[in-house]
Amino acid sequence: MVYSAPGVVPVDGFAPGTSILLSGPPLTRKRELVIRLLGGDDDEGAIMVTTKMGAGKLLELFREWDDDRPSDRLDVVDCVTKERGLGQVRETETTSYLSSPRDMTGLSIALSGLFQRYHRNGAPMRFGMHSLSTFLMYHNLQRVYRMVHVLSGQVESADAFGVFVVDSPTARELDMLSQLVDGVVETRETETGCELRLRGLGGRAAGWQAY
């Protein structure tokens with residue numbers, strides 16, 4: 001099978017086990033891109049770790065940007081609501097809450113359970129994390145590198161598709177994190193709107209294009 005990406009990035013699809021890094025400055029619609037990439041086909045599920053937006057709003061955007069797909073197709077690990085006191089926290093079958101992005105152990109436990117569930121069911125699965133930059137605020141680069149190394153390995157083992165978002169990384173951050181993925185999608189803002197380009201994925205590349 002191939003994970004489709006119609007009209008989102010300049011590829012026909014992604015092979016099972018592929019992970020990409022979505023990198024660019026703020027306000028270049030990276031959240032929209034990752035949510036659209038998680039949309040997928042009707043037989044696919046999705047997992048998303050969110051560190052900047054509460055689960056409720058994220059699920060609304062998932063339905064809006066992915067052709068009204070039912071929100072129960074998206075499992076959310078919310079790392080922001082409890083820390084910021086954004087509202088009532090009520091865990092559901094598809095939404096779990098961590099105290100903050102500091103809780104790497106809790107995140108590992110939550111994601112291991114979700115990956116195992118998809119593995120047992122044999123269902124295709126997409127994984128997204130928005131954003132690594134928040135984890136870099138609380139942890140050093142080496143620890144975030146180890147986290148992405150483990151998660152990209154889980155994506156590969158599960159024949160899934162993974163997207164990791166990072167905001168305006170330093171040259172060292174980009175160099176280290178890009179070693180763990182199969183390709184990098186860069187974003188930028190221009191006078192006429194936002195553009196992206198793809199690097200990697202077996203040597204395939206495309207120039208800047210509007211989105």
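This text walks through a predicted model, beginning with one helix and moving on to its neighbour, to pairs of charged side chains, and to a loop early in the chain.

A convenient place to start is helix H2, which covers residues 55–65 and whose buried residues are Ala55, Leu58, Leu59, Leu61, Phe62 and Trp65. When the helix is viewed down its axis, these buried residues fall within an arc of 160 degrees, so they line one face of H2. Several elements take part in covering them, including helix H1 (30–37) and helix H3 (81–84), together with strand E4 (45–50), strand E5 (74–78) and strand E6 (95–97). Just after H2, the backbone at Asp67 adopts a positive phi of about 60 degrees.

Among the elements that cover H2, helix H1 can be followed in further detail. The axes of H1 and H2 come within 9 Å and cross at roughly 65 degrees, and the two helices are therefore roughly perpendicular to each other. Their crossing is right-handed. On the H1 side the contact is made by Arg31, Glu32, Ile35 and Arg36, while on the H2 side it is made by Leu58, Leu61, Phe62 and Trp65. Those four residues of H2 also belong to its buried set, and the reader can therefore find them on the face of H2 that the buried residues line.

Helix H2 also carries a pair of charged residues, Lys57 and Glu60, whose side chains meet in a salt bridge with a distance of 3.9 Å from N to O. Why might two residues placed in this way along a helix point the same way? An α-helix has 3.6 residues a turn, so residues three or four places apart point the same way. Lys57 and Glu60 are three residues apart within H2, about one turn of the helix. Both ends of this bridge are partly exposed, Lys57 with a relative accessibility of 42% and Glu60 with a relative accessible area of 41%.

In general, side chains of opposite charge can pair when their charged atoms come close, and a search of the whole structure finds 12 salt bridges. One of them joins Glu186 to Arg199, with the closest N and O atoms 3.4 Å apart. This pair links distant parts of the chain, since Glu186 lies in strand E9 (residues 183–190) and Arg199 lies in strand E10 (residues 193–200), 13 residues apart. Glu186 is buried, with a relative accessible area of 14%, whereas Arg199 is partly exposed at 35%.

Another salt bridge is formed by the side chains of Glu195 and Arg188, at 2.7 Å from N to O. Here Glu195 counts as buried, at 16% relative accessibility, while Arg188 is partly exposed, with a relative accessible area of 33%. Elsewhere, salt bridges that share partners join Arg29, Glu32 and Arg36 into one network. Glu32 and Arg36 have already appeared in this account, as residues of H1 that take part in the contact with H2.

The last stop is Pro6, which is found in the loop between strand E1 (3–4) and strand E2 (13–14). Is Pro6 buried or exposed? With a relative accessible area of 65%, Pro6 is exposed. Pro6 and Leu37 are 31 residues apart in sequence, and their C-alpha atoms are 8.9 Å apart in space. Helix H1 spans residues 30–37, and with Leu37 the path through the model returns to that helix.

Conventions. Residues numbered from 1 in each chain as written. Predicted model: local features only at pLDDT ≥ 70, side-chain atom pairs only at ≥ 80, totals over all residues. Heavy atoms only, no water. Buried < 20%, exposed > 50% of the residue type's maximum accessible area, 1.4 Å probe, protein only. Arc of directions from axis to C-beta. Contact = heavy atoms within 4.5 Å. Salt bridge = Lys/Arg side-chain N within 4 Å of Asp/Glu carboxyl O. Axes fitted to C-alpha atoms, helices over the stretch in contact; angles between N-to-C directions. Parallel < 35°, antiparallel > 145°, perpendicular 65-115°, else oblique. Left-handed = near helix turned anticlockwise from the far one by under 90°.
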